[in-house]
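Grab a coffee and work through a few short exercises on the chain shown below. Each one sets a task and then walks through a solution.

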Amino acid sequence: MQIIIFCFIAAIATLAERLAPARPQPLFRTGFFPDVIHTGVNILLRFVLTGTLAVVITETAKQVLPPSMVGMVSEASYVVQLVAVVLVLDFFFYWMHRAKHHYDWWWRLHETHHSSDQLDWFSSVRFHPLEKILDRVIYLLPLAVLGPSQDVLLGLAAIDASIATLAHANLNVRIGPLIYVFVGPEMHAWHHASDPEHQRTNFGNNLSIFDWLFGTASLPGGRPAAFGTGDADYPQSNWWRQVAYAFRPFSAPGS
Ligand SMILES: [Zn+2]
Ligand SMILES: [Zn+2]
């Protein structure tokens with residue numbers, strides 16, 4: 001089901017970017033084929049690895065935590081469960097995302113996501129596999145505590161995919177006053193600017209509220225002149241070299 005939702009969103013986004021791109025660029029832009037592999041690997045991780053981990057951690061949480069702290073929203077309505085999961089996971093995401101930009105070792109993994117210098121909706125799939133594994137392991141704690149149903153997790157996946165697609169799209173789209181609640185392209189495009197000052201703003205995933213709350217929101221208007229990390233050596237066209245690039249030696253201070 002998640003793959004059907006993803007394909008539907010992908011088809012609409014691809015068509016919109018062909019019809020009205022913010023910046024003309026080819027469909028098969030630099031890094032397109034590695035992004036196809038990133039998509040496959042991330043889907044595989046989501047279904048195989050984290051599915052197994054979810055069972056282990058949920059069962060462990062039941063043993064370790066008081067019963068009142070496991071499955072806190074399990075009995076609530078679908079809407080309440082969905083709102084709770086989006087709010088709590090976005091809160092975790094926001095602080096994790098800030099840490100990814102703060103700690104060198106975590107940035108090495110997260111820089112893969114920032115490496116696309118021709119940002120479009122398909123850039124939203126580009127993640128280092130190790131970053132995704134860590135994300136999903138960390139998310140398992142709040143998920144074990146909240147205990148949402150599988151239907152709610154499917155709803156969350158649909159929201160994640162829709163907002164990520166729109167936020168990265170190569171489109172001159174604005175979401176108006178909704179930008180004070182949700183992440184839109186007018187915020188997230190600036191998070192992908194090659195200028196590091198802009199990269200340290202707009203850390204939200206689905207919700208922008210934590211950026212507004214904690215002083216990291218930025219709405220400069222327009223779109224950045226350049227995207228990416230500004231690293232001319234970044235291996236744009238090779239998935240394996242992108243994965244390996246995260247493990248290059250750190251340069252010595254002063255060198
Ligand atoms: Zn980032
Ligand atoms: Zn992004």
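A residue counts as buried if 20 or more other C-beta atoms lie within 10 Å of its own, as exposed if 12 or fewer do, and as partly exposed in between. Keep in mind that this is a predicted model.

**Exercise 1. Sort Ser 68, Thr 58, Gly 184 and Asn 202 into buried, partly exposed or exposed.**

Solution.

Step 1. Start with Ser 68, which sits in the loop between H2 and H3. Ser 68 has 7 other C-beta atoms within 10 Å, so it is exposed.

Step 2. Now take Thr 58, which has its place in helix H2, residues 32–64. Its count is 17 other C-beta atoms within 10 Å, so Thr 58 goes in the partly exposed bin.

Step 3. Gly 184 belongs to the loop between H6 and helix H7 (185–191). Because Gly 184 has 22 C-beta neighbours inside 10 Å, it counts as buried.

Step 4. Asn 202 is in a loop too, the one between helix H8 (196–199) and helix H9 (209–214). With 24 C-beta neighbours inside 10 Å, Asn 202 is therefore buried. There's a backbone quirk here as well: Asn 202 is not a glycine, yet its phi is positive, at about 60°.

**Exercise 2. Find what Gly 184 touches, then look at some C-alpha separations.**

Solution.

Step 1. Leave out residues up to four places away in sequence, and Gly 184 touches Leu 166, Ala 167, Arg 174, Ile 175, Leu 178 and Ile 179.

Step 2. Go further along the chain: Ala 13 is 171 residues from Gly 184, and their C-alpha atoms are separated by 14 Å.

Step 3. Try the two other residues from Exercise 1. Ser 68 and His 38 are 30 residues apart along the chain, with 39 Å between their C-alpha atoms. For Thr 58 and Ile 163, 105 residues apart, the C-alpha separation is 27 Å.

**Exercise 3. Work out how H1 and H3 each pack against H6.**

Solution.

Step 1. Know what to look for. Two packed helices are described by the angle between their axes and the distance between the axes.

Step 2. Helix H1 (residues 2–19) packs on H6 at an angle of about 20°, and the axes are 10 Å apart. Angles under 35 degrees count as roughly parallel, so that is the label for H1 and H6. Their crossing is right-handed.

Step 3. List the residues. Gln 2, Ile 5, Phe 6, Ile 9 and Ala 13 of H1 meet Leu 154, Ala 157, Ala 158, Ala 161, Ser 162 and Thr 165 of H6. By class, that contact has 8 nonpolar, 3 polar and no charged residues.

Step 4. Repeat for H3 and helix H6 (residues 150–168), whose axes come within 9 Å and cross at roughly 50°. H3 and H6 are therefore oblique to each other. This crossing is right-handed.

Step 5. From H3, the contact uses Tyr 78, Gln 81, Leu 82, Val 85 and Val 86, and from H6 it uses Asp 151, Val 152, Gly 155, Leu 156 and Ile 159. The tally for H3 with H6 is 7 nonpolar, 2 polar and 1 charged.

**Exercise 4. Describe the packing of H3 on H5.**

Solution.

Step 1. Get the geometry: the axes of helix H3 (residues 78–102) and helix H5 (residues 129–146) come within 10 Å and cross at roughly 145°. The crossing of H3 and H5 is right-handed.

Step 2. Name the residues. H3 brings Ala 84, Val 85, Val 88, Leu 89, Phe 92 and Met 96, while H5 brings Asp 135, Ile 138, Tyr 139, Pro 142 and Leu 146.

Step 3. Sort them by class, and you get 10 nonpolar, no polar and 1 charged for H3 with H5.

**Exercise 5. Zoom out and describe the whole chain.**

Solution.

Step 1. Count the elements: the chain has 10 helices and 0 strands.

Step 2. Check the overall dimensions. A compact globule of 255 residues would have a radius of gyration near 18 Å, and the chain agrees because its value is 18 Å. Along the principal axes, the C-alpha atoms fill a box of roughly 50 × 45 × 35 Å.

Step 3. Finish with burial and contacts. Of the 255 residues, 29% are buried. Among contacts between residues at least 6 apart in sequence, 72% join residues at least 24 apart.

Notes
Residues are numbered from 1 along each chain as its sequence is written. Chains are lettered from A and ligands numbered from 1 in the order in which they are written. This is a predicted model: local features need pLDDT of at least 70, side-chain atom pairs count only at pLDDT 80 or more; totals for chains, interfaces and linings use all residues. Axes are lines fitted to C-alpha atoms, for helices over the stretch in contact, and angles run from 0 to 180 degrees between N-to-C directions. Helices (H or I, at least four residues) and strands (E, at least two) are DSSP runs, numbered from the N terminus. A crossing is left-handed if the near helix is turned anticlockwise from the far one by less than a right angle, and right-handed if clockwise. Two residues are in contact if their C-beta atoms, placed from the backbone, lie within 7 Å. Ala, Val, Leu, Ile, Met, Phe, Trp, Tyr, Cys and Pro count as nonpolar, Asp, Glu, Lys and Arg as charged, and the others, Gly among them, as polar. The radius of gyration is taken over C-alpha atoms; the globule rule is 2.2 Å times the number of residues to the power 0.38. Angles under 35 degrees count as roughly parallel, over 145 as roughly antiparallel, 65 to 115 as roughly perpendicular and the rest as oblique.
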